[in-house]
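Grab a coffee and have a look at the model below. A few short exercises follow, each with a worked solution.

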Amino acid sequence: MQFEEILHSGKIYHPGEESIAREQLRRLDLLFGYNALKPSQQAEKTALLKQMFAEIGDNVYIETPFHSNFGGMNVHFGHSIYANFNLTLVDDTHIYVGSYTMFGPNVTIATAAHPISPKHRRQDYQYNLPVHIGENCWIGAGAVILPGVTIGDNTVVGAGSIVTKDLPANVVAVGNPCRVLREIGDDDRRLISHGRQMEIAEQ
């Protein structure tokens with residue numbers, strides 16, 4: 001079985017297997033190069049992201065430092081995505097993110113999991129479950145999205161939330177564990193923040 005099949009199978013495996021570790025190191029070298037680029041080297045950053053990611057659209061900006069288990073090898077980004085500092089993608093299997101999504105600082109998206117059994121954890125076993133995030137989502141600062149989660153289009157995840165289960169489209173969800181607070185409605189055409197409201201012009 002090829003190492004890609006192992007990573008994406010959803011089955012228990014040993015991540016220290018030679019072919020997996022070799023490819024991971026190669027990918028981490030690319031990530032190191034990305035983080036070493038100056039902010040002014042935007043063209044070089046964009047070119048390197050296209051080399052690092054499985055798929056990536058136009059107008060994607062990821063602040064450094066950026067962290068990723070496989071340097072984006074299993075990450076699929078749409079276009080017009082912004083990620084603030086310290087985005088961490090545990091991309092041992094696929095992570096899908098729709099266009100126009102934003103990430104606050106210190107967001108973690110994890111696809112890798114380990115057995116609950118202490119005996120099997122001691123042997124470093126692991127399995128992976130993909131994560132899907134829809135279009136036009138906003139993932140707040142410090143949020144953690146766990147393996148196997150799907151988040152629907154337009155949903156807002158509050159800062160510091162721990163997303164353990166799927167979230168539908170068009171909701172605001174917060175907390176640990178993260179739960180739906182309310183649906184996004186017509187009143188949200190006004191920007192509401194800390195008691196202030198402001199009309200937003202339609203584009």
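The exercises below deal with a predicted model, going from the sheet to single residues.

**Exercise 1. Work out the strand order of the open sheet and find its edge strands.**

Solution. Start by listing the strands across the sheet: there are seven, in the order β2-β5-β8-β13-β16-β18-β19, with mixed pairing. Next, look for strands that pair on one side only; these are β2 (61-62) and β19 (179-183).

**Exercise 2. Parallel or antiparallel: in which sense do β13 and β16 pair, and in which sense do β18 and β19?**

Solution. Take β13 (residues 138-139) and β16 (residues 156-157) to begin with: they run parallel, joined over two bridges. Here I139 has V157 in β16 as its bridge partner. Now move to β18 (residues 171-174) and β19, which pair in the antiparallel sense over four bridges. In that pair, V174 is matched with R179 of β19. Finally, check the turn: the hairpin has four residues between the strands, and G175 takes a positive phi near 110 degrees.

**Exercise 3. How many of the five residues of β19 are buried?**

Solution. Go through β19 with the cut-off for buried, under 20% relative accessible area. The count comes to zero, so this strand is hardly covered.

**Exercise 4. Place F70, decide whether this residue is buried or exposed, and list its contacts.**

Solution. First, the location: F70 lies in the loop between β3 (66-68) and β4 (75-77). Second, the cover: with a relative accessible area of 1%, F70 counts as buried. Third, the contacts: skipping neighbours within four places in sequence, F70 touches L7, I20, Q24, R27, D91 and D92. Pick I20 from that list and you find a partner 50 residues apart from F70 in sequence, with 9.8 Å between their C-alpha atoms.

**Exercise 5. Which residues join Y82 in a nonpolar surface patch?**

Solution. Find Y82 in strand β5 (residues 82-83). Y82 is partly exposed, at a relative accessible area of 30%. Its patch mates are M102 and W138, and the three together have about 300 Å² of accessible area.

**Exercise 6. Why do C137 and C178 not count as a disulfide?**

Solution. Search the whole structure: the tally of disulfides is zero. For C137, the nearest cysteine sulfur is that of C178, 12 Å away. A disulfide needs sulfur atoms within 2.5 Å, so this pair does not qualify. As for cover, C137 is buried at 2% relative accessible area, and C178 is buried at 9%.

Methods
Residues numbered from 1 in each chain as written. Predicted model: local features only at pLDDT ≥ 70, side-chain atom pairs only at ≥ 80, totals over all residues. Heavy atoms only, no water. Pairing = 2+ DSSP bridges. Buried < 20%, exposed > 50% of the residue type's maximum accessible area, 1.4 Å probe, protein only. Contact = heavy atoms within 4.5 Å. Patch = residues over 30% accessible without salt bridge, like charges linked within 9 Å, V, L, I, M, F, W, Y side chains within 5 Å. Areas by Shrake-Rupley, 256 points an atom, 1.4 Å probe, with all protein chains shown as cover. Salt bridge = Lys/Arg side-chain N within 4 Å of Asp/Glu carboxyl O.
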